[in-house]
Amino acid sequence: MAYISTRDSSVRVTAAQAIAQGISAEGGLFVPEKFPTLTASDFEALKGMDYIERAQFVLRFFLDDFTEVELDYCVKGAYTNTFDENRPAPIARLGEKANVLELWHGPTCAFKDLALQLLPYLLTVSAKKTAAGKKTVILVATSGDTGKAALEGFKDVPGTEILVFYPSDGVSPMQKLQMASQKGENVHVFAIHGNFDDAQTGVKQIFTNDEIKQLLAENNMQFSSANSINWGRLAPQIVYYVSAYCDMLAENGDLSDGINVVVPTGNFGNILAAYYAKKMGVPICKLICASNANNVLTDFIRTGTYDRNRPFYTTYSPSMDILISSNLERMLFELYGNDAETVAKLQADLSMNGKYTVSNDVCAKISGLFYGGCCDDAQTLKTIDEVFEKYGYLCDTHTGVAMAVYEQYLKETGDNRPTVIASTASPYKFAKNVLSALSDDAAADEFGYVRLLHDVTATEIPSPIAALENATVRFNETCEKDGMRDVVLKSLGIE
């Protein structure tokens with residue numbers, strides 16, 4: 001299978017090249033030239049498989065330059081004994097129609113683990129195929145969860161160095177501690193003065209800077225990414241939507257009317273993976289895009305205009321505090337019929353003017369596929385309380401956004417199909433805010449809130465969270481957003 005760039009129609013690379021490179025030289029994102037189609041007999045077979053087998057089945061279509069032995073090594077290495085009860089993506093049923101897809105049972109208690117436990121294996125195999133002997137330098141911008149999941153996945157992986165940048169005031173205390181206490185000899189963590197969009201823009205500029213790439217080449221290094229701009233991050237996320245549908249098929253038997261999917265998202269990668277699952281044959285009727293107060297995606301879905309020229313809000317769901325949704329570029333490429341020239345122009349407009357408007361035809365396609373909704377922090381907390389009161393189910397602030405927007409969709413449309421709601425993080429990663437939805441109790445520090453949340457809800461504290469209480473902080477350096485280049489070169493020993 002060939003991979004093409006969203007900004008240059010002449011670019012064609014293999015899966016291994018796309019993963020090792022991370023991003024196309026001109027700044028475009030790699031996408032498959034075509035998508036496989038899963039048949040009814042495929043889904044029947046998938047129903048009886050465990051998660052590892054499903055991942056191998058789906059990913060072999062996208063990684064056809066990997067041998068069976070290589071793919072087996074990657075998938076089993078990622079998903080064996082790394083998730084609770086060896087079930088990476090279990091479903092919790094709430095009522096008759098809502099199926100909560102719990103994606104936070106991995107080592108960092110966030111959905112990014114599903115991809116970032118696998119990506120180091122994919123990347124090291126890809127690097128051997130495409131750039132044997134070179135050190136791979138992983139650059140990551142994070143709004144909270146990606147950073148820790150990437151650090152955990154790549155720590156002490158031979159032939160790699162990983163640098164993570166996060167907004168100093170834009171992650172939760174638990175997310176910050178997870179990154180600042182990360183173990184590993186090849187890891188580097190930096191806060192920046194700025195927001196996630198600043199970090200993401202800085203990383204992309206470094207990626208495409210010819211002078212920096214030349215310096216790395218002279219030192220036998222090459223860049224790659226662990227953000228969802230890397231196809232190796234996105235492809236594993238398709239698997240869990242296929243898996244969720246198969247679990248629902250096995251339980252319900254008849255899903256002939258299809259399903260809906262609700263995803264809380266800021267960078268658009270997680271909901272794009274659901275769209276790709278739909279493209280492969282999962283009968284998803286409506287993709288429900290849930291945003292917090294940073295509702296740039298909601299407005300785009302409803303109007304066809306993407307406009308980041310607006311106030312930026314720091315919310316209780318910080319992983320969604322994003323105004324530049326990188327993966328939307330892949331969706332635009334799809335909706336414009338793989339027209340790289342138009343996509344490149346739209347992205348240039350976004351960079352120069354902070355906005356663009358799609359054609360009427362594309363706007364109609366978007367409204368047919370997606371529903372966009374948003375809620376503020378008050379509604380998020382109200383929803384967390386209502387869900388716990390009604391079902392005894394505790395969700396984090398991002399899942400609370402998804403639940404609130406799902407209720408909006410039901411009231412507006414009456415569409416009561418069986419629905420998958422992506423639950424992206426453990427509530428204990430945001431213990432203070434989640435507790436405030438349920439109780440007026442207060443604590444002296446973050447772990448006091450963790451214990452109070454446990455006492456109030458009688459839910460289990462995840463072991464990776466509990467282990468952080470006595471963790472040693474290793475990283476506390478802060479840099480300016482304009483200083484990211486120098487920080488990267490200094491960390492790599494390149495002057």
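Which residues line the second largest cavity? In this predicted model, select S143, P167, D169, G170, N195, F196, F312, T314 and D321, and you will have the lining of that cavity on screen. The space they line has a volume of about 40 Å³, and, if you colour the selection by residue class, the lining divides into three nonpolar, four polar and two charged residues.

**The largest cavity**

Next, widen the view to the enclosed spaces as a set, of which there are four with a volume of 30 Å³ or more. The largest cavity holds about 250 Å³ of space. To centre the camera there, select F111, K112, G266, N267 and S319, which are the closest to the centre of the largest cavity among the 24 residues that line it. Then show the helices α7 (145-154), α11 (231-252) and α12 (269-280), each of which supplies at least two residues of this lining. Coloured by class, the lining of the largest cavity shows seven nonpolar residues, 14 polar ones and three charged ones.

**T265 and its surroundings**

From here, move to T265, which you will find in the loop between β10 (259-264) and α12. Is T265 buried or exposed? With a relative accessible area of 6%, T265 is buried, since the cut-off for that label is under 20%. Display the side chain of T265 together with the backbone of F268, and you can see that a polar atom of that side chain lies 3.0 Å from the backbone nitrogen of F268. If residues up to four places away in sequence are set aside, T265 touches N270, I271, C289, A290, S291, L297 and M320, so these can be added to the selection as its contacts.

**The cysteines**

Finally, select the cysteines and look for sulfur pairs: how many disulfides does the structure hold? The structure holds zero, and two cysteines are worth selecting in turn to follow the reasoning, for which the cut-off is a sulfur pair within 2.5 Å. Begin with C285, whose closest cysteine sulfur, in C246, is 16 Å from its own, so the two are too far apart for a bond. C285 counts as partly exposed, at 29% relative accessibility. Then go to C375, where the closest cysteine sulfur is that of C374, yet the separation is 7.3 Å, and therefore this pair is also too far apart for a bond. C375 itself is buried, because its relative accessible area is 8%.

Notes. Residues are numbered from 1 along each chain as its sequence is written. This is a predicted model: local features need pLDDT of at least 70, side-chain atom pairs count only at pLDDT 80 or more; totals for chains, interfaces and linings use all residues. Side-chain values use heavy atoms; hydrogens and water are left out. Buried means under 20% relative accessible area, exposed over 50%, partly exposed in between (1.4 Å probe, protein chains only). On a 1 Å grid over the protein atoms alone, a cavity is a set of points where a 1.4 Å probe fits but cannot get out, and a pocket is an open set with protein on both sides within 12 Å along at least five of seven lines; lining residues have an atom within 4 Å of a point. Grid points are joined across faces, edges and corners, and a volume is the space filled by probe spheres set on the points. Helices (H or I, at least four residues) and strands (E, at least two) are DSSP runs, numbered from the N terminus. Ala, Val, Leu, Ile, Met, Phe, Trp, Tyr, Cys and Pro count as nonpolar, Asp, Glu, Lys and Arg as charged, and the others, Gly among them, as polar. A polar contact is a pair of N or O atoms within 3.5 Å; within protein, one must be able to donate a hydrogen and the other to accept it, and residues adjacent in sequence count only if both atoms are side-chain atoms. Contact means heavy atoms within 4.5 Å.
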